[in-house]
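User: Please take one part of this model and examine it closely. I would like a single connected account that starts from a local backbone feature and works outward to the contacts and packing around it.

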Amino acid sequence: MTHTVLRLGEPIEVGSRLTMVKSGQVAQFGFSNPDRGQLGFEALDLGMLRRRVTGETLTKVHRTDFHQLFLFTAGTGTTMVDFVDHPCSPGTLLHITPGRVLRLPSGSAEASLMLFTPAFPPPVLGPFGPVLHSVGKAELPVFSRAMQDLRQEYRRNLLTGEPVDLLCQLLGALLLRVARLPGDAPRHDPRFERFQQELERSFASTRNAAEYAARIGYSTRSLNRICLAATGQSAKALIDARVTLEAKRLLVHTDLSSAAIGHRLGFSEATNFTKFFARETGVSPGAFRE
């Protein structure tokens with residue numbers, strides 16, 4: 001059995017676990033299980049992933065269209081997610097949702113790894129949870145066993161081809177345990193999640209808080225109260241932060257000009273984008289890219 005990882009610019013090959021296509025300078029990885037093509041889940045470990053792909057691929061900044069759940073078990077390393085370096089040591093649990101820009105763990109880190117499509121598990125988690133969790137000593141055996149159960153059921157399913165109901169439920173139970181861990185997620189509020197969903201759809205077309213409020217059925221004042229209660233920040237601050245994050249991604253990981261990036265993010269004039277970015281980050285787009 002062979003596993004193929006494509007180089008930038010090559011066509012997608014059906015059946016490879018990680019398929020990569022060119023988008024500026026960001027590698028885009030799509031999910032495809034190498035052992036059972038229609039299964040939206042794979043259980044492995046970081047060592048297996050290192051043997052499967054090249055070192056260059058592991059260290060390449062990329063995005064995926066699937067979830068990655070790491071439970072670090074030995075060694076140390078650092079994973080970059082959206083310009084934040086996360087130190088990883090035994091007991092660190094990292095959940096990387098689709099669309100984030102990341103670089104896989106460097107160093108001597110070892111981890112159990114679950115890869116799954118958004119549609120595979122039961123709908124137990126929203127799309128905006130925290131990246132990093134710390135699993136305490138008392139809980140670590142529980143999470144280790146949950147990962148082990150998933151791997152055993154995954155291997156059994158590959159052999160038998162039975163329905164994946166139990167595999168889905170085991171993953172759902174693990175994700176519910178993850179949701180109970182301490183992290184930097186905002187307090188859960190369905191109203192705030194509706195705002196986040198609308199923000200993901202529309203951040204490149206409008207930065208007007210009143211428009212977001214109207215789209216989800218609230219006044220601007222109510223939306224600000226919701227955002228402040230969930231995060232301590234106003235709706236406008238969260239909108240601007242999302243636009244800034246996307247600008248950083250495009251500046252560092254594509255060859256687009258500053259003017260083209262500003263246009264893509266809804267700025268009618270390049271100077272307006274430059275002023276906005278400098279206000280939010282303290283540096284010009286060109287300085288940040290360098």
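Analyst: **A loop and its connections**

Asp82 lies in the loop that joins strand S6, residues 77–81, to strand S7, residues 84–88. Phe83 belongs to the loop between S6 and S7 as well. The model is a predicted one.

The backbone is the place to start. Most residues other than glycine have a negative phi. Asp82 departs from this with a phi near 50°, a positive value in a residue that is not glycine. Phe83 also has a positive phi, near 70°, and is likewise not a glycine. Their exposure can be put beside this. Asp82 has a relative accessibility of 9% and counts as buried, because buried means under 20%. Phe83, at 29%, counts as partly exposed.

The strands on either side of the loop come next. Thr79 is a residue of strand S6. Thr79 has 0% relative accessibility and is therefore counted as buried. Leaving aside residues up to four places away in sequence, Thr79 touches Phe72, Val84, Asp85, His86, Cys88, Leu94, Ile96, Arg103, Leu104 and Pro105. Among these partners, Val84 and Cys88 fall within the range of strand S7, 84–88. Cys88 is itself buried, with a relative accessibility of 2%. Cys227, a residue of the contact between helices described further on, is buried too, at 0%. With a disulfide taken as a pair of cysteine sulfur atoms within 2.5 Å, the count of disulfides in the model is zero.

Salt bridges lead from the loop to other parts of the chain. Counted as a side-chain nitrogen of Lys or Arg within 4 Å of a carboxyl oxygen of Asp or Glu, they number 17. One of them pairs Glu280 with Arg279, at 3.2 Å from N to O. Glu280 is partly exposed, with a relative accessible area of 33%, whereas Arg279 is exposed, at 56%. Elsewhere, salt bridges with shared partners join Arg63, Asp82, Arg100, Glu200, Arg242, Glu246 and Arg249 into one network. The loop residue Asp82 is thus a member of a network that also includes Glu200 and Arg242.

The pair Glu200 and Arg242 can be described in detail. Their closest N and O atoms are 2.6 Å apart. Glu200 sits in helix H5, residues 190–202, and Arg242 in helix H8, residues 235–253, so this salt bridge ties together parts that are 42 residues apart in sequence. Glu200 counts as partly exposed, at 35% relative accessibility, and Arg242 counts as buried, at 11%.

The pair formed by Asp149 and Arg145 gives a local counterpart. Here the closest N and O atoms are 2.9 Å apart. Both residues belong to helix H3, residues 140–160, where a spacing of four residues puts them about one helical turn apart. Asp149 is partly exposed, with a relative accessible area of 25%.

Helix H8, which carries Arg242, also packs against another helix. Two packed helices are described by the angle between their axes and the distance between the axes. For H8 and helix H7, residues 220–231, the angle is about 70° and the axes are 8 Å apart. An angle of 65 to 115 degrees counts as roughly perpendicular, so H7 and H8 are placed in that class. Leu223, Asn224, Cys227 and Thr231 make the contact on the H7 side, and Ala235, Lys236 and Leu238 on the H8 side. By class, the contact has four nonpolar residues, two polar and one charged.

One more loop may be set beside the starting one. Pro123 is found between strand S10, residues 110–116, and strand S11, residues 132–134. Pro123 counts as exposed, with 84% relative accessibility, while Asp82 counts as buried. The C-alpha atom of Pro123 is 7.8 Å from that of Gly172, although 49 residues separate the two along the chain.

The chain as a whole gives the setting. It has eleven helices and eleven strands, and 44% of its 290 residues count as buried. Among contacts with a separation of 6 or more, 69% are between residues 24 or more positions apart.

Conventions:
Residues numbered from 1 in each chain as written. Predicted model: local features only at pLDDT ≥ 70, side-chain atom pairs only at ≥ 80, totals over all residues. Heavy atoms only, no water. Helix = DSSP H or I, 4+ residues; strand = E, 2+ residues; numbered from the N terminus. Buried < 20%, exposed > 50% of the residue type's maximum accessible area, 1.4 Å probe, protein only. Axes fitted to C-alpha atoms, helices over the stretch in contact; angles between N-to-C directions. Parallel < 35°, antiparallel > 145°, perpendicular 65-115°, else oblique. Contact = heavy atoms within 4.5 Å. Nonpolar A, V, L, I, M, F, W, Y, C, P; charged D, E, K, R; others polar.
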